[in-house]
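Visitor: Please take a close look at a single part of this model, the protein surface near the DNA. Go through it contact by contact, and then set it against the arrangement of the protein chains.

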There are 2 protein chains.
Amino acid sequence: MHSRRNSVEHISTARRSCDNCCTRKYCLVSRIDERLTPGLSKAMRHPRILARGERLFIQGDKFYSIYLVRSGTFKSYIIDDTGDRQITGFHFAADILGLDGVQSGRHGLEIEALETSSVCVVPFCKLEQDFGQNQSGLYRYLIGAASGAAYQQSYLLMLLGRLHAAQRLASFLLDISRKMGERGGSESEFHLTMPRYDIANYLGMAVETVSRLFKRFEKQNLIKVERRHLKIIDRDGLLDTLSSDHRFSALRNTA
Amino acid sequence: MHSRRNSVEHISTARRSCDNCCTRKYCLVSRIDERLTPGLSKAMRHPRILARGERLFIQGDKFYSIYLVRSGTFKSYIIDDTGDRQITGFHFAADILGLDGVQSGRHGLEIEALETSSVCVVPFCKLEQDFGQNQSGLYRYLIGAASGAAYQQSYLLMLLGRLHAAQRLASFLLDISRKMGERGGSESEFHLTMPRYDIANYLGMAVETVSRLFKRFEKQNLIKVERRHLKIIDRDGLLDTLSSDHRFSALRNTA
DNA sequence: CGAATCGTTGACGTCCGTCAAACTACGTGG
DNA sequence: CCACGTAGTTTGACGGACGTCAACGATTCG
């Protein structure tokens with residue numbers, strides 16, 4: 001709204017900058033003891049300004065900083081292999097952006113300004129300096145776990161929002177299969193511990209649909225299922241099912 | 001699978017316990033320096049065992065500990081005002097459970113064992129003792145922010161999985177309205193910064209449906225909308241729309 | 001003034017949710 | 001061991017919510 005030139009003139013120190021900030025009372029920075037963070041205020045001196053359509057970071061970007069929304073609005077979204085997008089949230093003043101990168105060191109989603117907006121840039125390494133040496137790795141791990149959970153949910157959102165029932169179930173089976181493999185079991189044959197009803201609820205469909213799809217997959221020779229015992233016969237076939245046309249196929253915003 | 005009696009006999013100290021644990025190589029505990037945490041190993045000596053259907057914690061429970069899955073499987077879910085449930089995830093060995101409680105101090109979701117399962121109990125206060133005094137509040141805040149994001153996503157899952165298009169849009173509008181209010185704007189009249197296409201994508205429906213619903217809400221005198229300018233006329237009416245019958249109305253598992 | 005982006009409106013078809021009923025597996029008590 | 005109840009799963013018939021397609025306004029911008 002106001003020009004960048006004006007903003008810069010107002011800011012002589014980060015403290016000054018914060019004093020003028022309308023999100024002051026909710027802000028993360030107010031929780032940081034200024035004495036402990038000599039480098040931080042300097043790093044935060046210049047807010048970053050984004051025009052409409054500009055992206056704060058994109059999927060795969062290396063993770064350096066977290067961001068505090070000063071003004072404007074943002075959308076975050078994930079992009080799947082086929083280029084389709086699922087918006088996972090809208091963000092307003094005082095929201096924290098970028099924590100999704102803590103776990104892997106790379107951003108798992110993408111954030112774009114919906115109008116001219118500004119953020120404070122908080123370098124994560126500066127934050128970590130103040131945590132003291134002991135156990136800071138642990139803390140980072142916990143943040144990663146929490147934001148990893150958020151990412152996992154975003155992914156599920158993508159399933160529910162964009163895929164047909166058959167694709168959702170295929171994705172679910174492949175997901176379980178992978179997890180069983182990671183934990184030392186067989187990837188192709190395992191026991192489903194949850195009832196059909198839970199699967200249906202999780203995937204946002206009716207129990208009857210789950211039942212019918214299991215049968216259909218069996219007829220297509222993709223799986224063999226008896227009660228809760230499941231055997232994956234044709235993994236590639238399931239992948240094909242997953243990647244077949246999905247809902248809202250219209251592409252857009254392919255900037 | 002093996003009896004509780006056997007497990008207990010094997011455990012003489014937490015270290016012994018961990019040595020026997022098949023999730024050892026992925027586990028959070030391996031990241032904790034034993035010298036720094038005299039109380040922790042003692043606290044973790046006895047894993048907690050849950051029978052099928054038993055719950056680790058329920059929505060609203062006070063947050064004390066996080067949990068590491070040793071064996072078995074769990075489901076997590078949230079419950080809305082009407083008692084309906086949305087499953088938000090299935091959890092296997094080595095998963096971390098309970099971080100959803102860090103932010104508010106209470107658990108926002110509920111976790112139930114799908115079969116006989118066991119978890120290690122890690123009291124969060126013991127962890128925090130080791131973080132040192134400086135800035136541990138900040139770290140906690142960041143974990144809270146990350147897990148808050150996960151919870152937010154779970155909530156959206158509930159929308160996509162269980163509600164009709166009209167209810168999703170009503171919920172979206174009320175949500176935006178609240179956020180605008182929290183940030184000092186008007187709750188009843190504001191500017192939508194995102195295009196219809198983004199709203200549709202976010203809520204998992206077609207653009208045309210969004211458009212038609214806006215019109216319908218207008219005819220019902222719930223809102224007044226012109227392009228991106230929105231005015232909420234009848235908040236209670238929107239709430240009624242939201243709470244009207246939704247999909248998968250069949251209740252279950254009302255233990 | 002075109003071109004592009006965004007939003008609206010109508011007609012049509014289908015995926016999948018709803019309802020109803022039968023079948024199974026499993027546990028419990030007589 | 002069998003009768004019985006319950007919870008879980010399957011199957012079929014039916015219909016409505018909503019996605020798809022197509023075309024037309026409205027707005028912005030170079």
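Guide: A residue is taken as near a strand if one of its heavy atoms lies within 4 Å of that strand. The model is a predicted one.

Take DNA strand C to begin with. It has 20 residues around it, and those that come nearest are A:Ala206, A:Thr209, B:Arg196, B:Arg212 and B:Lys215. Among the atoms of DNA strand C within 4 Å of the protein, sugar or phosphate supplies 68%, and the rest belong to bases.

Several polar contacts reach the phosphates of this strand. On the side of chain A, a backbone N or O atom of A:Ala165 is 3.0 Å from a phosphate oxygen of DNA strand C. From chain B, a polar backbone atom of B:Arg196 is 2.8 Å from a phosphate oxygen of DNA strand C. B:Arg228 uses its side chain instead, with an N or O atom there 3.1 Å from a phosphate oxygen of DNA strand C. The elements that give two or more residues to the surface near DNA strand C are α8 of chain A, together with α7 (196-203) and α8 of chain B. Of these, α8(B) gives the most, with four residues. Sorted by class, the surface near DNA strand C holds ten charged, six nonpolar and four polar residues.

Now the other strand. DNA strand D is surrounded by 20 residues, and the closest of them are A:Arg196, A:Ser211, A:Lys215, B:Ala206 and B:Thr209. Of the atoms of DNA strand D that come within 4 Å of the protein, sugar and phosphate account for 68%.

The phosphates of DNA strand D are reached by backbone and by side-chain atoms. A backbone N or O atom of A:Arg196 is 2.7 Å from a phosphate oxygen of DNA strand D. A polar atom in the side chain of A:Lys215 lies 2.3 Å from a phosphate oxygen of this strand. Chain B takes part through B:Ala165, where a polar backbone atom is 2.9 Å from a phosphate oxygen of DNA strand D. The elements that each supply at least two residues to the surface near DNA strand D are α7 (196-203) and α8 (207-219) of chain A and α8 (207-219) of chain B. The most comes from α8(A), with four residues. By class, the surface near DNA strand D has ten charged, six nonpolar and four polar residues.

The arrangement of the two chains is the next point. A rotation of 180° with 0.0 Å of shift along its axis superposes chain A on chain B, with an RMSD of 0.1 Å. This is the relation of a two-fold axis. In chain A, the C-alpha nearest that axis belongs to A:Ala150, at 1.8 Å from it. Both copies use the same surface for each other, since 100% of the contact residues of chain A recur in chain B.

Between the chains, 70 residues of chain A are in contact with 70 residues of chain B. The size of an interface is often given as the accessible area lost when the parts come together. Here the area buried between chain A and chain B is about 6,100 Å², and carbon and sulfur atoms give 64% of it. Four salt bridges are counted between the two chains. One of them joins the side chains of A:Asp198 and B:Lys75, at 2.9 Å from N to O. The count of residue pairs in polar contact between chain A and chain B, both at pLDDT 80 or more, is 16.

The side of chain A that touches chain B draws two or more residues from each of β5 (85-91), α4 (124-129), α5 (136-162), α6 (165-182) and α7 of chain A. Its largest share, 19 residues, comes from α5(A). In terms of class, this side divides into 38 nonpolar, 16 polar and 16 charged residues. One element links the two parts of this account: α7 of chain A gives residues both to the surface near DNA strand D and to the side that touches chain B.

A last detail concerns the backbone just past α8 in chain A. A:Asn221 lies in the loop between α8 and β10 (223-226) of chain A. Its phi is positive, about 60°, although A:Asn221 is not a glycine. Most residues other than glycine have a negative phi.

Notes
Residues numbered from 1 in each chain as written. Chains lettered and ligands numbered in written order. Heavy atoms only, no water. Polar contact = N/O pair within 3.5 Å; in protein donor to acceptor, adjacent residues only side chain to side chain. Nonpolar A, V, L, I, M, F, W, Y, C, P; charged D, E, K, R; others polar. Least-squares fit on C-alpha atoms with pLDDT ≥ 70 in both. Contact = heavy atoms within 4.5 Å. Buried area = accessible area lost by both parts, 1.4 Å probe.
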